[in-house]
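Let's take a walk through this structure together, one stop at a time. Have a look at it first, and then we'll start with a term that will come in handy.

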Amino acid sequence: MRCIAFVLSGLAATTAALPACRDSGAGVGSTRDGGRDAAAATDGGPSFDADCSDGGGGSALCPITSCGYIKSVATLGLTETARSGADGVCNQGRSCVAVEVTPAGDAISLTCVAPRAGGLDYGMACSTDAASAQRCKDDSLCVDAPGTTGAPFCTRLCRIDADCPSGSACLEYRHPLPNTSHALVGQCTPIGKLPDPICTAESACPAGQGCLRAGDRTLVRTCQAVTGARSLGDGCTASSQCRSGECLDREFRLPGSATRTFCSGPCLRNSDCGADQRCVAKVLGNNGTISDPLDDVVVGYCRSLFASPTSVVCQNDTECATAGLGGDTCHPTYGICYKASAVVGAACAHDEGCGLGGACAMGPTFAGGACVMEGCAPGGGATGTDVCPGAQSVCSQRASDEPLSRCYEGCSTQGGCSRNAQSYFCAPAKDGQPITICLSR
């Protein structure tokens, strides 16, 4: 669960009446260089006489002291995601740092600390020399980019790219632990410091290279050397055969008995994928917080249209119509059921009740379900599978759709939605934009 960064509202008018507050985290890490407590004393923030004995997370008057917990890679479960932290989890202008190793030596407890007075900002060249004038807000934030040495810069901790400044990638850095293992800590890195060229599609990379994510926490992709030669959408029986390094079926399962698998990988639009694939959103990591979607790593991924395993392939239209999921047509090549007459925005209860490659969006924003399609390309220059089907559909992007765009039923007036009787109305995709898409109240 993400911690809340408390906002100090209107405190300037009350500080004169409030004496000092005890920081339950004071002294943490002070043995490293003797400078952290001194930095805290010059933080310049207000201090108050409040009860902070519970760790400081229950009041805006108290500093939040914990911002995450990262297990050693040796102790993570098979399906467990390493958790990281960010400055946004802290309050009072504090920085999230990875310096406190647990007594067992198998994890790092991330802590919020007052930044060093005069500490350098993110991205600036730095030094950890006590006599240097180029020190970061904490010495632990002075790092070399992965694969490089001799050009350290000031970083900040992150969970996903959104925790970093624009033009940065959230990469994982190895932090050694005394149990001979290590923890992977998310840290922001300017994309100009990445060793490989940036790419947005596999087709932009030369032969022998794939367009792969620069790390498990970032959406930034670079052209990287690979062993496989097959492109996205090509049939495969092993991941090593693909330039993307991933061979998956329609449900993103690895090759196995009776499955139909194809080279898959990240995408931003349908045209990034093979002709028999569509670009759909996929959660690749939840940062160890299942109930909080705001720190998830969500990536567009090429999904096959071929039903898999072969035991679920439909045989005829009658089979689809009698299944009770809304479909009425069996695609003769892909073996999946869909509703041939369905349009974007139509009511649905299952994906099969939408057009080929469509999905049924559910929830309070889509009363009674609404057919949508992911992977379209906004703007007038889109072609092929990047174009939304039907005259009434538009390609747009709500905040929950990122990093992809979606086909919605389009509109321009409050009464312009086909399902007005079901409480659908014309709304902006994002605050401040004109009304363009149909959503329910």
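A residue counts as buried when its relative accessible area is under 20%, as exposed when that area is over 50%, and as partly exposed in between. Keep in mind, too, that what you're looking at is a predicted model.

Let's put those words to use on Glu-172. Its relative accessible area is 25%, so Glu-172 is partly exposed. Its side chain meets that of Arg-217 in a salt bridge, with N and O 3.0 Å apart. Glu-172 belongs to strand S6 (residues 168–176), while Arg-217 sits in the loop between strand S9 (209–213) and strand S10 (221–225), so this contact ties together parts that lie 45 residues apart in sequence. Arg-217 counts as buried because its relative accessibility is just 5%.

How many salt bridges does the structure hold? There are 10 of them. Another one pairs the side chains of Glu-251 and Arg-303, at 3.2 Å from N to O. Here Glu-251 comes from the loop between strand S11 (247–248) and strand S12 (262–263), and Arg-303 from strand S14 (residues 297–304), so the two tie together parts 52 residues apart in sequence. With a relative accessible area of 38%, Glu-251 is partly exposed.

Then there's the pair of Asp-401 and Arg-406, whose closest N and O atoms are 3.7 Å apart in their salt bridge. Are these two buried or exposed? Both Asp-401 and Arg-406 turn out to be buried. Elsewhere, Arg-116, Arg-135 and Asp-139 are joined into one network by salt bridges that share partners.

Now back to S6, the strand that holds Glu-172. S6 runs antiparallel to S7, and nine bridges join the two. One place to spot this is Tyr-173, whose bridge partner in S7 is Val-185. S6 and S7 form a hairpin with five residues between the strands, and in it Thr-180 takes a positive phi near 70 degrees. As for S7 itself (residues 182–190), this strand is mostly covered, with eight of its nine residues buried.

Next, the empty spaces. Rolling a probe the size of a water molecule over the atoms reveals where space is left empty. The largest pocket has a volume of about 630 Å³. Its lining is made up of 21 residues, and Asp-296, Val-298, Ala-399, Glu-402 and Pro-403 are the ones nearest its centre. Which strand gives the most to this lining? That would be S13, with three residues. S13 (277–285) and S14 each supply at least two residues here. Sorted by class, the lining of the largest pocket has 11 nonpolar, two polar and eight charged residues.

The second largest pocket holds about 540 Å³ of space. It is lined by 29 residues, and among those nearest its centre is Arg-303, which we met earlier as the salt-bridge partner of Glu-251. Arg-250, Ile-336, Cys-337 and Glu-352 are also among the residues nearest the centre. S13 and S14 show up again, since the elements giving two or more residues to this lining are S13, S14, strand S16 (337–338) and strand S18 (370–374). S18 gives the most, with three residues. By class, this second lining divides into 15 nonpolar, six polar and eight charged residues.

Definitions and conventions. Residues numbered from 1 in each chain as written. Predicted model: local features only at pLDDT ≥ 70, side-chain atom pairs only at ≥ 80, totals over all residues. Heavy atoms only, no water. Salt bridge = Lys/Arg side-chain N within 4 Å of Asp/Glu carboxyl O. Helix = DSSP H or I, 4+ residues; strand = E, 2+ residues; numbered from the N terminus. Buried < 20%, exposed > 50% of the residue type's maximum accessible area, 1.4 Å probe, protein only. Pairing = 2+ DSSP bridges. 1 Å grid on protein atoms, 1.4 Å probe; cavity = no way out; pocket = protein on both sides within 12 Å on 5 of 7 lines; lining within 4 Å. Points joined across faces, edges and corners; volume = space filled by probe spheres on them. Nonpolar A, V, L, I, M, F, W, Y, C, P; charged D, E, K, R; others polar.
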